[in-house]
Amino acid sequence: MTDDSGPSDTLEQWKAEMQAEHEREITNPDPEERHEIEGVAQINYRVYFEYDAETDSLDRSRTEQVNELEDPELLSCRCGVRGMTPEEAKTHVRAASDSS
Ligand SMILES: [Zn+2]
């Protein structure tokens, strides 16, 4: 009835289309491409500094690893599909090996 619902409906529709496109890419891998799942993981370090009064500078004295390397939550494929959960990534490589 009001125009208020217009933009959010459009947004919802856009999101649904993006999701559908994402699923198409996952389940229909391009047979011409190479498929290899990858992701970026971070290890954090705490870095300690010592103040050097002579040069008025902070010098890195030591580092301490804060966390272990963990698998990233979202994965990509070499072919360009991004933002896959591990389950979606498995679906993608399974589909890729089926079609080759
Ligand atoms: Zn792929």
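Let me start on helix α2, where the face turned away from the buried side carries the exposed residues E87 and D98; exposed here means over 50% relative accessible area, buried means under 20%, and partly exposed is in between, with a 1.4 Å probe and protein chains only. Helices and strands are DSSP runs, H or I of at least four residues for helices and E of at least two for strands, numbered from the N terminus.

Before going on, I should say that this is a predicted model, in which local features need pLDDT of at least 70 and side-chain atom pairs count only at pLDDT 80 or more, while totals for chains, interfaces and linings use all residues. Residues are numbered from 1 along each chain as its sequence is written, and side-chain values use heavy atoms, with hydrogens and water left out.

Staying with α2, the buried residues are E88, A89, H92, A95 and A96. They cover an arc of only 130 degrees around the axis, taken from the directions from the helix axis to the C-beta atoms, and so they sit on the same side of α2. The helix has 14 residues and reaches 20 Å from its first C-alpha to its last, close to the 20 Å expected at 1.5 Å a residue, where the expected span is 1.5 Å times one less than the number of residues.

One of those buried residues takes us to the metal site. Which protein atoms are the donors of the zinc ion? They are ND1 of H35, SG of C77, SG of C79 and NE2 of H92, lying 2.0 to 2.3 Å from the ion; donors are N, O and S atoms within 2.8 Å of the metal, or 3.2 Å for Na, K and Ca, and since water is not among the atoms, sites may look incomplete. The 4 donor atoms subtend angles of 105 to 116 degrees around the zinc ion, and the arrangement is therefore tetrahedral, a label given to four donors if all angles lie between 85 and 135 degrees.

Along the sequence, the donor residues follow the spacing H-x41-C-x1-C-x12-H. Because H35 lies in the loop between α1 (5-27) and β1 (37-38), and C79 in the loop between β4 (76-77) and α2 (86-99), this pair ties together parts that are 44 residues apart in sequence. H35 itself is partly exposed, with a relative accessible area of 22%.

The same two loops are also joined by a salt bridge between R78 and E36, whose closest N and O atoms are 3.4 Å apart; the term requires a side-chain nitrogen of Lys or Arg within 4 Å of a carboxyl oxygen of Asp or Glu. R78 lies in the loop between β4 and α2 and E36 in the loop between α1 and β1, so the pair ties together parts that are 42 residues apart in sequence. R78 counts as partly exposed at 44% relative accessibility, and E36 counts as partly exposed at 41%.

By this rule the count comes to 6 salt bridges. Another of them brings us back to α2, where K90 and E87 have their closest N and O atoms 3.0 Å apart. Both residues lie in that helix, 3 residues apart, about one turn, and K90 is partly exposed at 41% relative accessibility. Elsewhere, salt bridges that share partners join R46, R62 and E64 into one network.

Within that network, E64 pairs with R46, the closest N and O atoms being 3.9 Å apart. E64 lies in strand β3 (residues 57-65) and R46 in strand β2 (residues 45-52), so the pair ties together parts that are 18 residues apart in sequence. E64 is partly exposed at 33% relative accessibility, and R46 is partly exposed at 41%.

These two strands pair in the antiparallel sense over 8 bridges, pairing being called when DSSP finds at least two bridges between strands. Among the contacts, Y51 has L58 in β3 as its bridge partner. The hairpin has 4 residues between the strands, and there D56 takes a positive phi near 50 degrees. Most residues other than glycine have a negative phi. D56 counts as exposed, at 56% relative accessibility.

I will finish with M84, in the loop between β4 and α2. Is M84 buried or exposed? It is buried, with a relative accessible area of 0%, and its C-alpha atom is separated by 8.3 Å from that of E73, 11 residues apart along the chain.

Terms used: Tetrahedral: all angles 85-135°; square planar, octahedral: opposite > 155°, others 65-115°.
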